[in-house]
Each structure stands twice: as structure tokens, then as C-alpha cells.
Amino acid sequence: LTPALCLSRRAPAPADPMLYADKRALETNLKVNLLAIREKELNYYTQNCQAVGTQAALLAGFAYSGLTQVAIPHDRAYALRIAYLLVTTTAMCFELIAVLNTTLLSMMGPGLALRGPDGSMHPAVDGMMTEYRTAYYCFVLGLVFFHFSAALFSWLIYVHWSVSTMVTLCICGSLLLLTRYAKRVYLRFRLPAEMVITGAFEASDVAAAAGPVVQRGDAASGYVSREQAQLIASSNQ
């Protein structure tokens, strides 16, 4: 055989290993950048849980003091004493539920995102987003019952009904102002559900922003390959 024929029968040269390494590095950097964006949401809900948990613990301590440090007069009506104990206990229980929920969320949510398998960041953030609402509602209910407990306490301690009535009106006015202010702030910063933007990326979002998805062997028709779109979809699982 001639040397030219031997050269023509040789196997094709393998692909450049540098291209493969660059492709893997690009995919890794893309996943890291996606997780960095999602981490901002994780930190946001973690800080919110810590803030709510601190205030809930404070109110739970006040309610517990109202149960253990207050000498309830025995000459008061039995129904009034029972109502005070039930309302105060309910306020304490709601606040303790908020404390427990926020503590578990601030510990287990970041733990799942940090130590879980690949793709654990997204269920961690979504789970914190859902469970945070429960803790927030418990905190608000505990705050409302705390006001009711203070109003009943005035009827237990003060002998004259006019004093108890004035204290009750002040507490009800405070609760009304608190509700109006909270409603005003909520309406000012309220974001409709259809307008909420999360840190999760879908393959369609990236493809729409960068261009059409290209097929193999047709690199001139777009900028985002099918492999990159699949990588983004897998990172959100």
C-alpha cells in the first residue's frame, strides 16, 4: 500500500479536549449563576423568618407572664376569668407556633439548599415561600388575641366599670389603628400574584431572551443550544 492510501485509511482525529472542557466549564458557570440568583430569595425568606420569630417570641413571653405573673381576683365572674385565661393561652399558642415555624424554616430551608442533592435550592425556596405564610398568619392572629387579652385584663383588675371601659376603648382603638396602618402598607406594596418574579429560570425564558434554540449542526440559526436549555431545565428540578 502506498503511504497516501495508509494515511487515508487512518481513523479520524479525536475532538479537541479543550473544547469539551470549555463546554463543561460553561455549563458549570451557568448553573452557579442561576443558583446565585436563587440564593437571594433564600436569604430574603430566611431574614423574614428570623424577624417574625423574634417578635413572636417577645409576644409569647408577654402572654406567658399574663398567665403566671398575674393574680386573678377570685371575686370576679367565673366566665370572665375563663375568657381571660382562654384568650391569653390562645395568643401564646399562636405566637409559639409562629416561633417554631420560623425557627424550623430558618434552619432546615438553607440546610436543604446547601447540603441537599443537585437541584435542592428550588424546592427549598419554594417550600419556605409556602410555609412562611403560615407562620405570618399565626403571628398576626396571636397579636390580635393579645389585644383581646389586654382588654379582658382591664375588666379583671379595675373595680369601677368606667375605668375598664376607657381602657377597653383605648385597646380597641389601638387595634383599629394597627389594622388600618397594616392595610395601608399592604395595599401600597402589594404585588399581584401574576406579577411576581422569582429567581427560577425556565428554558423557555432563556431561549426567548437569547434567541431561538439551535439544532445540532445548525449553529448559525441562534445562540442557545438545546443542551444549554436542557441544563437550565434540569437545574430547576
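**Exercise 1. The lining of the largest pocket**

Work out which residues lie nearest the centre of the largest pocket, and which elements build its lining.

*Solution.* Start with the lining itself: in this predicted model, 27 residues line the largest pocket. Next, look towards the centre, where Tyr-44, Tyr-132, Arg-133, Tyr-136 and Tyr-186 lie nearest. Then assign the lining to elements: α2 (17-68), α4 (121-157) and α5 (161-189) are those that give two or more residues. Helix α4 provides the largest share, with 9 residues. Now sort the lining by chemistry, which gives 21 nonpolar, 3 polar and 3 charged residues. Finish with the volume: the largest pocket holds about 1,400 Å³ of space.

**Exercise 2. The chain as a whole**

Describe the fold pattern of the protein chain, and find what percentage of its residues is buried.

*Solution.* Begin by counting elements: the protein chain has 7 helices and 2 strands. Put them in sequence order and you get α-α-α-α-α-α-β-β-α. For burial, take the 237 residues of the protein chain, of which 27% are buried. Turn then to the surface, where the protein chain exposes about 16,000 Å². Carbon and sulfur atoms account for 66% of that exposed area. Last, consider contacts between residues at least 6 apart in sequence: 73% of these join residues at least 24 apart.

**Exercise 3. Ser-164 and its polar partner**

Decide whether Ser-164 is buried or exposed, and identify the backbone oxygen that lies 3.0 Å from a polar atom of its side chain.

*Solution.* First locate the residue: Ser-164 sits in helix α5. Its relative accessibility is 1%, and the cut-off for buried is under 20%, so Ser-164 is buried. Now follow the side chain of Ser-164, which has a polar atom 3.0 Å from the backbone oxygen of Ser-154. To complete the surroundings, leave out residues up to four places away in sequence; Ser-164 then touches Ser-154, Trp-155 and Tyr-158.

**Exercise 4. Two residues of helix α4**

Classify Phe-145 and Pro-123 by exposure, and relate each to a residue elsewhere along the chain.

*Solution.* Take Phe-145 to begin with, a residue of helix α4. Its relative accessible area is 24%; because partly exposed covers values between 20% and 50%, Phe-145 belongs to that class. Along the chain, Phe-145 and Ala-91 are 54 residues apart, yet 5.0 Å separates their C-alpha atoms. Beyond residues up to four places away in sequence, Phe-145 touches Val-87, Thr-90, Ala-91 and Phe-94.

Pro-123 also belongs to helix α4. With a relative accessible area of 43%, Pro-123 is partly exposed too. Its C-alpha atom is 8.5 Å from that of Leu-112, and these two residues are 11 apart along the chain.

**Exercise 5. Ala-113 and its neighbours**

Place Ala-113 in its helix, explain why it counts as buried, and list the residues it touches, not counting those up to four places away in sequence.

*Solution.* The helix is α3, residues 78-115. Ala-113 has 17% relative accessibility, which is under the 20% cut-off, and therefore it counts as buried. With residues up to four places away in sequence left out, Ala-113 touches Leu-42, Ser-120, Met-121 and Ala-124. Pick out Leu-42 from this list: Ala-113 and Leu-42 are 71 residues apart in sequence, and 8.6 Å apart from C-alpha to C-alpha.

Technical notes:
Residues are numbered from 1 along each chain as its sequence is written. This is a predicted model: local features need pLDDT of at least 70, side-chain atom pairs count only at pLDDT 80 or more; totals for chains, interfaces and linings use all residues. Side-chain values use heavy atoms; hydrogens and water are left out. On a 1 Å grid over the protein atoms alone, a cavity is a set of points where a 1.4 Å probe fits but cannot get out, and a pocket is an open set with protein on both sides within 12 Å along at least five of seven lines; lining residues have an atom within 4 Å of a point. Grid points are joined across faces, edges and corners, and a volume is the space filled by probe spheres set on the points. Ala, Val, Leu, Ile, Met, Phe, Trp, Tyr, Cys and Pro count as nonpolar, Asp, Glu, Lys and Arg as charged, and the others, Gly among them, as polar. Buried means under 20% relative accessible area, exposed over 50%, partly exposed in between (1.4 Å probe, protein chains only). Contact means heavy atoms within 4.5 Å. Accessible areas come from the Shrake-Rupley method with a 1.4 Å probe; for residues, only the protein chains shown count as cover. A polar contact is a pair of N or O atoms within 3.5 Å; within protein, one must be able to donate a hydrogen and the other to accept it, and residues adjacent in sequence count only if both atoms are side-chain atoms.
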